[in-house]
Amino acid sequence: MQHTIIGDPFPVLLCNLNKGERMITQRGGMSWRTADIEMETNTAGGIMQGLKRSLTGSSFFLNHYIARSDNQEIAFGLSMPGEIMAYPLTPGKEIIAQKMGFIASTEGVNIDIFFNQKLGAGLFLSEGFILEKFSGDGIVFIEIDGHSKEYTLAAGEKLVIDCGYLAAMESTVTFDFETVKGLKNIAFGGEGLFLGNLTGPGKVWLQTLPITGLQRMFGDVAK
(Lines give C-alpha, C1' and ligand atoms only; values in the text may rest on other atoms or scores of the structure.)
Protein backbone atom coordinates (compact mmCIF):
# COMPACT_ATOMS: atom_id res chain seq x y z
CA MET A 1 0.00 0.00 0.00
CA GLN A 2 1.27 3.44 -0.98
CA HIS A 3 -0.26 6.58 0.51
CA THR A 4 -0.13 10.33 0.10
CA ILE A 5 -1.70 13.14 2.15
CA ILE A 6 -2.78 16.25 0.23
CA GLY A 7 -4.65 19.47 1.00
CA ASP A 8 -4.43 22.10 3.74
CA PRO A 9 -6.27 22.85 6.02
CA PHE A 10 -8.69 20.13 4.83
CA PRO A 11 -6.36 17.23 4.03
CA VAL A 12 -7.35 13.94 2.51
CA LEU A 13 -5.58 10.59 2.75
CA LEU A 14 -5.14 8.87 -0.63
CA CYS A 15 -4.22 5.16 -0.56
CA ASN A 16 -3.14 3.22 -3.63
CA LEU A 17 -3.89 -0.49 -3.31
CA ASN A 18 -2.81 -3.50 -5.31
CA LYS A 19 -4.86 -6.67 -5.60
CA GLY A 20 -5.62 -8.21 -2.18
CA GLU A 21 -4.54 -5.19 -0.17
CA ARG A 22 -7.09 -3.67 2.18
CA MET A 23 -7.78 -0.56 4.24
CA ILE A 24 -9.91 -0.49 7.38
CA THR A 25 -11.99 2.47 8.53
CA GLN A 26 -14.97 3.18 10.74
CA ARG A 27 -18.55 3.54 9.60
CA GLY A 28 -18.88 6.32 7.02
CA GLY A 29 -15.11 6.90 6.94
CA MET A 30 -14.56 6.60 3.17
CA SER A 31 -14.58 9.74 1.00
CA TRP A 32 -14.29 8.14 -2.45
CA ARG A 33 -12.79 5.11 -4.18
CA THR A 34 -12.22 3.57 -7.57
CA ALA A 35 -14.64 0.95 -8.85
CA ASP A 36 -12.73 -2.30 -8.27
CA ILE A 37 -12.65 -2.08 -4.47
CA GLU A 38 -15.04 -4.24 -2.47
CA MET A 39 -16.44 -3.37 0.97
CA GLU A 40 -16.91 -5.85 3.83
CA THR A 41 -18.44 -4.74 7.16
CA ASN A 42 -17.85 -6.63 10.42
CA THR A 43 -17.16 -6.12 14.12
CA ALA A 44 -13.41 -6.76 13.67
CA GLY A 45 -12.87 -8.87 16.75
CA GLY A 46 -16.37 -9.60 17.95
CA ILE A 47 -19.09 -7.88 19.94
CA MET A 48 -16.88 -6.90 22.89
CA GLN A 49 -14.34 -5.21 20.63
CA GLY A 50 -17.16 -3.34 18.92
CA LEU A 51 -18.56 -2.17 22.25
CA LYS A 52 -15.15 -0.98 23.42
CA ARG A 53 -14.66 1.00 20.22
CA SER A 54 -18.08 2.59 20.72
CA LEU A 55 -16.90 3.99 24.07
CA THR A 56 -14.11 5.87 22.28
CA GLY A 57 -16.53 7.46 19.82
CA SER A 58 -15.61 5.11 16.97
CA SER A 59 -18.15 2.87 15.27
CA PHE A 60 -19.29 -0.55 16.48
CA PHE A 61 -18.70 -1.98 12.99
CA LEU A 62 -15.62 -1.42 10.85
CA ASN A 63 -15.53 -1.31 7.07
CA HIS A 64 -12.85 -3.29 5.22
CA TYR A 65 -12.07 -2.13 1.67
CA ILE A 66 -10.29 -4.78 -0.42
CA ALA A 67 -8.75 -4.15 -3.84
CA ARG A 68 -9.83 -6.73 -6.42
CA SER A 69 -7.22 -5.59 -8.95
CA ASP A 70 -4.02 -3.56 -8.98
CA ASN A 71 -3.72 0.22 -8.91
CA GLN A 72 -6.94 0.99 -7.06
CA GLU A 73 -7.40 4.18 -5.02
CA ILE A 74 -9.40 5.00 -1.90
CA ALA A 75 -9.62 8.30 -0.02
CA PHE A 76 -10.37 9.21 3.60
CA GLY A 77 -11.07 12.74 4.87
CA LEU A 78 -11.27 14.55 8.21
CA SER A 79 -14.21 15.62 10.36
CA MET A 80 -12.78 19.14 10.87
CA PRO A 81 -9.79 21.25 9.75
CA GLY A 82 -6.53 19.66 10.81
CA GLU A 83 -3.78 17.22 9.92
CA ILE A 84 -3.45 13.51 9.21
CA MET A 85 -0.64 11.66 10.95
CA ALA A 86 0.66 8.33 9.67
CA TYR A 87 2.18 6.20 12.43
CA PRO A 88 3.93 2.88 11.62
CA LEU A 89 3.25 0.19 14.21
CA THR A 90 5.45 -2.81 14.96
CA PRO A 91 5.16 -5.39 17.77
CA GLY A 92 5.99 -3.52 20.99
CA LYS A 93 5.63 -0.08 19.36
CA GLU A 94 2.17 1.26 20.15
CA ILE A 95 0.39 4.61 20.08
CA ILE A 96 -2.53 6.06 22.05
CA ALA A 97 -4.79 8.68 20.43
CA GLN A 98 -7.68 10.94 21.35
CA LYS A 99 -11.30 9.87 21.19
CA MET A 100 -12.48 9.65 17.59
CA GLY A 101 -8.88 10.03 16.41
CA PHE A 102 -8.96 6.95 14.18
CA ILE A 103 -9.21 7.63 10.44
CA ALA A 104 -8.07 4.37 8.84
CA SER A 105 -5.44 1.64 9.02
CA THR A 106 -3.84 -1.11 7.05
CA GLU A 107 -4.53 -4.74 7.84
CA GLY A 108 -2.78 -6.03 10.97
CA VAL A 109 -3.57 -3.04 13.21
CA ASN A 110 -5.42 -3.76 16.47
CA ILE A 111 -7.79 -1.10 17.84
CA ASP A 112 -8.48 -1.14 21.57
CA ILE A 113 -9.68 1.12 24.36
CA PHE A 114 -7.30 2.86 26.76
CA PHE A 115 -8.66 3.81 30.18
CA ASN A 116 -6.78 6.38 32.19
CA GLN A 117 -5.75 4.93 35.54
CA LYS A 118 -7.28 7.69 37.69
CA LEU A 119 -10.96 6.86 37.22
CA GLY A 120 -12.13 9.46 39.77
CA ALA A 121 -10.48 12.33 37.92
CA GLY A 122 -11.55 11.02 34.55
CA LEU A 123 -15.22 11.15 35.46
CA PHE A 124 -14.97 14.94 35.56
CA LEU A 125 -13.32 15.26 32.16
CA SER A 126 -15.04 15.53 28.80
CA GLU A 127 -11.79 14.58 27.05
CA GLY A 128 -8.71 12.63 28.11
CA PHE A 129 -10.36 9.85 30.13
CA ILE A 130 -11.14 7.31 27.41
CA LEU A 131 -8.61 7.07 24.60
CA GLU A 132 -7.89 4.73 21.69
CA LYS A 133 -4.89 2.39 21.68
CA PHE A 134 -3.37 1.04 18.46
CA SER A 135 -0.99 -1.90 18.29
CA GLY A 136 0.07 -4.64 15.89
CA ASP A 137 1.97 -4.51 12.62
CA GLY A 138 0.89 -1.92 10.05
CA ILE A 139 0.14 1.79 9.64
CA VAL A 140 -2.54 3.70 11.52
CA PHE A 141 -3.73 7.12 10.36
CA ILE A 142 -4.77 9.52 13.12
CA GLU A 143 -6.74 12.76 12.96
CA ILE A 144 -5.20 15.85 14.55
CA ASP A 145 -7.50 18.84 15.06
CA GLY A 146 -5.85 22.02 13.86
CA HIS A 147 -2.05 22.14 13.74
CA SER A 148 0.18 19.62 15.54
CA LYS A 149 3.15 20.19 17.79
CA GLU A 150 5.44 17.23 18.50
CA TYR A 151 7.45 16.86 21.71
CA THR A 152 9.99 14.17 22.54
CA LEU A 153 10.04 13.74 26.31
CA ALA A 154 13.06 12.30 28.10
CA ALA A 155 12.59 9.79 30.90
CA GLY A 156 10.90 11.61 33.79
CA GLU A 157 10.36 14.82 31.79
CA LYS A 158 6.86 16.22 32.31
CA LEU A 159 4.48 18.31 30.23
CA VAL A 160 1.31 19.83 31.78
CA ILE A 161 -1.64 20.22 29.40
CA ASP A 162 -5.32 20.94 29.07
CA CYS A 163 -6.48 17.38 28.31
CA GLY A 164 -8.38 18.38 25.17
CA TYR A 165 -5.11 19.34 23.50
CA LEU A 166 -3.72 15.80 23.55
CA ALA A 167 -3.87 14.31 20.04
CA ALA A 168 -1.64 11.27 20.52
CA MET A 169 1.22 9.84 22.53
CA GLU A 170 3.45 6.80 22.38
CA SER A 171 2.49 4.09 24.84
CA THR A 172 5.73 4.60 26.79
CA VAL A 173 4.41 8.00 27.95
CA THR A 174 2.49 8.07 31.25
CA PHE A 175 -0.74 10.09 31.27
CA ASP A 176 -1.95 11.24 34.67
CA PHE A 177 -4.02 14.03 36.22
CA GLU A 178 -3.30 16.75 38.75
CA THR A 179 -5.76 19.00 40.58
CA VAL A 180 -5.47 22.73 39.93
CA LYS A 181 -4.12 24.29 43.13
CA GLY A 182 -5.86 27.19 44.86
CA LEU A 183 -9.56 27.95 45.15
CA LYS A 184 -9.26 31.21 43.21
CA ASN A 185 -7.41 29.43 40.41
CA ILE A 186 -10.15 26.79 40.22
CA ALA A 187 -13.01 29.29 40.41
CA PHE A 188 -11.67 32.03 38.14
CA GLY A 189 -8.77 30.59 36.17
CA GLY A 190 -10.88 28.94 33.50
CA GLU A 191 -8.75 25.78 33.42
CA GLY A 192 -11.26 23.59 35.25
CA LEU A 193 -10.48 21.31 38.16
CA PHE A 194 -7.92 19.01 36.53
CA LEU A 195 -4.92 19.29 34.22
CA GLY A 196 -3.14 16.46 32.44
CA ASN A 197 0.42 15.33 33.14
CA LEU A 198 2.41 13.67 30.37
CA THR A 199 5.61 12.06 31.62
CA GLY A 200 8.31 10.63 29.35
CA PRO A 201 10.01 8.82 27.82
CA GLY A 202 8.36 9.01 24.42
CA LYS A 203 6.79 11.24 21.80
CA VAL A 204 3.68 13.36 22.32
CA TRP A 205 1.58 15.15 19.70
CA LEU A 206 -0.53 18.12 20.81
CA GLN A 207 -3.24 19.79 18.72
CA THR A 208 -4.21 23.45 18.47
CA LEU A 209 -7.95 23.13 17.79
CA PRO A 210 -9.59 20.68 20.22
CA ILE A 211 -13.37 20.45 20.44
CA THR A 212 -13.28 22.33 23.75
CA GLY A 213 -11.54 25.24 22.02
CA LEU A 214 -14.16 25.30 19.29
CA GLN A 215 -16.93 25.33 21.89
CA ARG A 216 -15.34 28.33 23.62
CA MET A 217 -14.81 30.12 20.30
CA PHE A 218 -18.41 29.67 19.14
CA GLY A 219 -19.62 30.61 22.61
CA ASP A 220 -17.75 33.92 22.39
CA VAL A 221 -19.15 34.58 18.91
CA ALA A 222 -22.67 33.92 20.17
CA LYS A 223 -22.21 36.52 22.88
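1. P9 sits in the loop between β1 (2–6) and β2 (12–17); strands here are DSSP runs of E with at least two residues, helices are runs of H or I with at least four, and both are numbered from the N terminus. The peptide bond that joins D8 to P9 is cis, with omega about 10°.

2. On the basis of the note: this is a predicted model, in which local features need pLDDT of at least 70, side-chain atom pairs count only at pLDDT 80 or more, and totals for chains, interfaces and linings use all residues. Residues are numbered from 1 along each chain as its sequence is written, and side-chain values use heavy atoms, with hydrogens and water left out.

3. A cis bond also runs from G200 to P201, with omega near 25°. P201 belongs to the loop between β18 (194–199) and β19 (202–207). Most peptide bonds are trans, and most residues other than glycine have a negative phi.

4. Two residues are to be checked for phi. N71, not a glycine, has a positive phi of about 60°; its place is the loop between β6 (62–67) and β7. N71 is exposed, at 55% relative accessibility. M100 likewise is not a glycine and has a positive phi, near 60°. M100 is in the loop between β9 and β10 (102–106) and is partly exposed, with a relative accessible area of 49%. The classes are buried under 20% relative accessible area, exposed over 50% and partly exposed in between, with a 1.4 Å probe and protein chains only.

5. Overall, the protein has four helices and 19 strands. Of its 223 residues, 44% are buried. Among contacts (heavy atoms within 4.5 Å) with a separation of 6 or more, 78% are between residues 24 or more positions apart. The accessible surface is about 11300 Å², and carbon and sulfur atoms hold 57% of it; the areas come from the Shrake-Rupley method with a 1.4 Å probe, and for residues only the protein chains shown count as cover.

6. One open sheet has four strands in the order β1-β2-β7-β4, with antiparallel pairing; two strands pair if DSSP finds at least two bridges between them. β1 and β4 (30–33) are the edge strands, each paired on one side only. Between β4 and β7 there are three bridges, and W32 stands opposite A75 in β7.

7. Q72 is in strand β7 (residues 72–77). Is Q72 buried or exposed? Q72 counts as buried because its relative accessible area is 9%. The side chains of Q72 and S69 make a polar contact of 3.1 Å, a term for N or O atoms within 3.5 Å where, within protein, one must be able to donate a hydrogen and the other to accept it, and residues adjacent in sequence count only if both atoms are side-chain atoms. Beyond four places in sequence, Q72 is in contact with residues including C15, L17, T34, D36 and A67.

8. A nonpolar core is a set of buried Ala, Val, Leu, Ile, Met, Phe, Trp, Tyr and Cys residues joined through side-chain atoms within 4.5 Å. The largest has 17 residues, of which M85, L89, I95, F134, V140 and W205 touch the most other members. Elements giving two or more residues to this core include β8 (82–89), β11 (109–115) and β13 (138–145). Apart from this core lies another of 14 residues, among them L131, C163, M169 and V204.

9. Beyond four places in sequence, the contacts of F134 include L89, I95, F102, I111 and V140. Polar residues also appear in the list, including E94 and N110.
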